[in-house]
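Got the model open in your viewer? Let's walk through it one selection at a time.

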Amino acid sequence: VLAELIEKFVSHLSECQTDCYFSMGNYKAMDVDVKKENLSSVQQLGIEMTVRYGKYLNLLKGDAENGLCFVLMNCEKFLKQQQRTVVSSLCCLQEHYAGYDWFASSIFLIMSGDREKTLMFLQQFSCLLVSAFLWLPRLHLSMHLPVTTVEYGIHPVYFCSAHYIEMLLKAELPLVCSAFHMSGFTPSQICLQWITQCFWNYMDWSEICHYIAICIFLGPDYQIYMCISVFRHLQQDILKHTEA
């Protein structure tokens, strides 16, 4: 039901010019000989984890590994059309996105391993503003960002979402804010980790689905409210650890 709902919602928005923040471009999926060996060791490990988790949730069957490889490799090729060339020694500014694509993997699971549906969804989703915040590889070396922003290697999720999370945390949960300050950590560090991983390893699968759906339906600012609500939920634990 969720797969059908987000599919129809995103399809409808991507057809409306006023809702399209980015250009979708023309890309036809390539069913080349997709082999896991063509991917980096980080991606290979991520694929193994995703498939294992998908089978544990009874969402994936049979040859899901090849399907996920197909999705990830095509996403990389598709997004490359909208990237600029930057010469830098920073590992986060190399041609390939340094981490694993947890968002695309989450959509693959929501679509029950249907690679064509997943890729079609991601292509349509990529023209919406919310894709910049939910799907981190979307803006990797992106031509949609100013050159100086790209060269610094700092993702907009950090200087937009994480910045507002810290501002709201100060106003809404001052004790949690102080606890972070005393620990020497910043709330934005942990939030960036949560957001990058789509809350994998932090929330149950149904909650991960709710997070993705809420941000798609209600807008990217709900990413901020979601993190604040998690801090509110964890407040007593955070304060207890601070005292200890």
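Start with the two domains: their C-alpha centres sit 24 Å apart. To see them, colour residues 1-133 as domain 1 and residues 156-243 as domain 2. Keep in mind that this is a predicted model.

Next, select the place where the domains meet. On the domain 1 side 22 residues are in contact, and they touch 20 residues of domain 2. How much area is buried between the two? About 1800 Å², with carbon and sulfur atoms giving 84% of that. Now show side chains for Tyr53, Trp102 and Phe133: these are the domain 1 residues that lose the most area to domain 2, and together they make up 36% of what that side buries.

Now move to a pair of helices. Select residues 187-196, which is helix H10, and residues 221-243, which is helix H12. Their axes come within 11 Å and cross at roughly 115°. Parallel or perpendicular? Angles from 65 to 115 degrees count as roughly perpendicular, so H10 and H12 are roughly perpendicular to each other. Rotate the view and check the hand of the crossing: between H10 and H12 it is right-handed.

Then turn on sticks for the residues that make this contact. From H10, pick Pro187, Ile190, Cys191, Trp194 and Ile195. From H12, pick Gln223, Cys227, Val230, Phe231 and Leu234. Colour them by type and what do you get where H10 meets H12? You get 9 nonpolar residues, 1 polar and no charged.

Key
Residues are numbered from 1 along each chain as its sequence is written. This is a predicted model: local features need pLDDT of at least 70, side-chain atom pairs count only at pLDDT 80 or more; totals for chains, interfaces and linings use all residues. Side-chain values use heavy atoms; hydrogens and water are left out. Axes are lines fitted to C-alpha atoms, for helices over the stretch in contact, and angles run from 0 to 180 degrees between N-to-C directions. Helices (H or I, at least four residues) and strands (E, at least two) are DSSP runs, numbered from the N terminus. Angles under 35 degrees count as roughly parallel, over 145 as roughly antiparallel, 65 to 115 as roughly perpendicular and the rest as oblique. A crossing is left-handed if the near helix is turned anticlockwise from the far one by less than a right angle, and right-handed if clockwise. Contact means heavy atoms within 4.5 Å. Ala, Val, Leu, Ile, Met, Phe, Trp, Tyr, Cys and Pro count as nonpolar, Asp, Glu, Lys and Arg as charged, and the others, Gly among them, as polar. Domain bounds come from an automatic or database domain assignment. Buried area is the accessible area (1.4 Å probe) that two parts lose on being put together, summed over both.
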